[in-house]
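Hi there,

Here is the structure I promised to pass along. Have a look at it first, and then read on for what turned up.

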Amino acid sequence: MTANKPAIVMQTDFTKDISVCTMQGVCMMVDPELKVFDSTHEIKSFDTYQASTSLSFVIDFWPAGTVFVSVVDPGVGTSRRACVAKLSNGSYVVTPDNGSLTHVKKYFGIDEVRVIDENVNRLKKTEKCNIFHGRDLFAYCAAKLAAGVITYEEVGEAYPVEEIIEHEIIPYKVEDGCISGMIDTADYHFGLICSNIPAEVFEEEGIEYGDWMDVQIIKKGQEAPVYSQKVPFQPSFGAVAVGEPLLMVSETLQIQIAINSRNMSEQYGIQVGPEWLMKLKKC
């Protein structure tokens with residue numbers, strides 16, 4: 001790979017099956033020198049919110065100029081926009097505009113967004129198919145952009161960044177000694193539950209490792225908390241016994257809760273999004 005050809009990084013809700021293989025193959029057809037990497041193909045089916053958080057998790061750890069392809073597309077074949085967003089750090093996201101850009105826009109910034117011109121940047125030999133834009137539109141356009149076959153301006157017509165579809169994000173707040181925020185992400189494999197409360201808030205509030213916090217996890221519309229317990233703030237799992245909970249700083253430098261060697265999300269049925277809140281108060 002020559003130095004001026006960025007990597008392509010893919011995420012989908014397909015699982016790692018033949019659909020992913022054909023997307024990768026289309027990239028090789030455009031330019032065999034391109035390097036294509038997998039981020040994840042285990043996003044929950046149709047979950048554009050998880051697509052958004054998954055993008056925000058990885059972007060900061062790839063070189064500027066990387067072309068990210070995100071295909072979680074319940075509206076495939078409809079009038080929803082297919083787009084390429086140019087991020088403030090110089091990377092690109094090729095995706096349906098359906099909420100998948102929410103966290104990227106908030107945390108990294110989007111300088112410009114362009115709708116993909118299907119007359120130019122769509123794989124011609126499959127033009128009768130309207131249900132696999134991951135292969136025929138997103139992977140193909142991403143490969144042309146990464147290979148330098150087209151410039152960003154040749155992706156298609158620009159439209160206002162303000163028109164990008166976004167999920168609701170409830171901001172964290174600190175009020176009368178109570179710190180609250182929404183459940184932003186969940187590692188469904190290990191069961192870690194992460195809020196959108198920055199770790200620096202604990203520093204500002206004088207909360208240190210070893211302190212105990214009263215933790216409540218609440219789902220809107222339910223009277224009783226889904227989870228309510230006193231939990232220690234610790235640096236890592238080993239500070240508590242197996243089966244015991246702890247608060248810690250996540251990989252994204254936010255406050256998360258977990259149970260050592262147990263799946264907390266599964267055990268308590270905790271999900272993500274603006275309907276799920278975490279409230280914390282020092283004991």
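Which residues form a negative surface patch? They are E200, E203, E204 and E205. Before going further, please keep in mind that this is a predicted model.

Two members of that patch are worth a visit. E204 sits in helix α5, which covers residues 199-204. With a relative accessibility of 57%, E204 counts as exposed, because the cut-off for that class is over 50%. E205 belongs to the loop that runs between α5 and β11 (212-219). Its relative accessible area is 39%, so E205 is classed as partly exposed. If you would like a sense of distance, try E205 and S54: they lie 151 residues apart in sequence, and their C-alpha atoms are 29 Å apart in space.

Now to the sheet. How many strands form the open sheet, and in what order? There are 7 strands, arranged as β2-β1-β3-β5-β4-β6-β7, with mixed pairing. At the edges you will find β2 (36-40) and β7 (158-159), each of which pairs on one side only. As a reminder, strands of a sheet pair through backbone hydrogen bonds, in either a parallel or an antiparallel way.

For one pairing to look at in detail, try β1 (residues 8-12) with β3 (residues 67-71): these strands run parallel and are joined over 5 bridges. One of the residues to pick out is T12, whose bridge partner in β3 is V71.

Happy browsing, and best wishes!

How values were computed. Residues are numbered from 1 along each chain as its sequence is written. This is a predicted model: local features need pLDDT of at least 70, side-chain atom pairs count only at pLDDT 80 or more; totals for chains, interfaces and linings use all residues. Side-chain values use heavy atoms; hydrogens and water are left out. Patches are made of residues with over 30% relative accessible area and no salt bridge: like charges are joined within 9 Å, nonpolar side chains (Val, Leu, Ile, Met, Phe, Trp, Tyr) within 5 Å. Accessible areas come from the Shrake-Rupley method with a 1.4 Å probe; for residues, only the protein chains shown count as cover. A salt bridge is a side-chain nitrogen of Lys or Arg within 4 Å of a carboxyl oxygen of Asp or Glu. Lys and Arg count as positive and Asp and Glu as negative; His and the chain ends are not counted. The place of a charge is taken as NZ of Lys, CZ of Arg, CG of Asp or CD of Glu. Helices (H or I, at least four residues) and strands (E, at least two) are DSSP runs, numbered from the N terminus. Buried means under 20% relative accessible area, exposed over 50%, partly exposed in between (1.4 Å probe, protein chains only). Two strands pair if DSSP finds at least two bridges between them.
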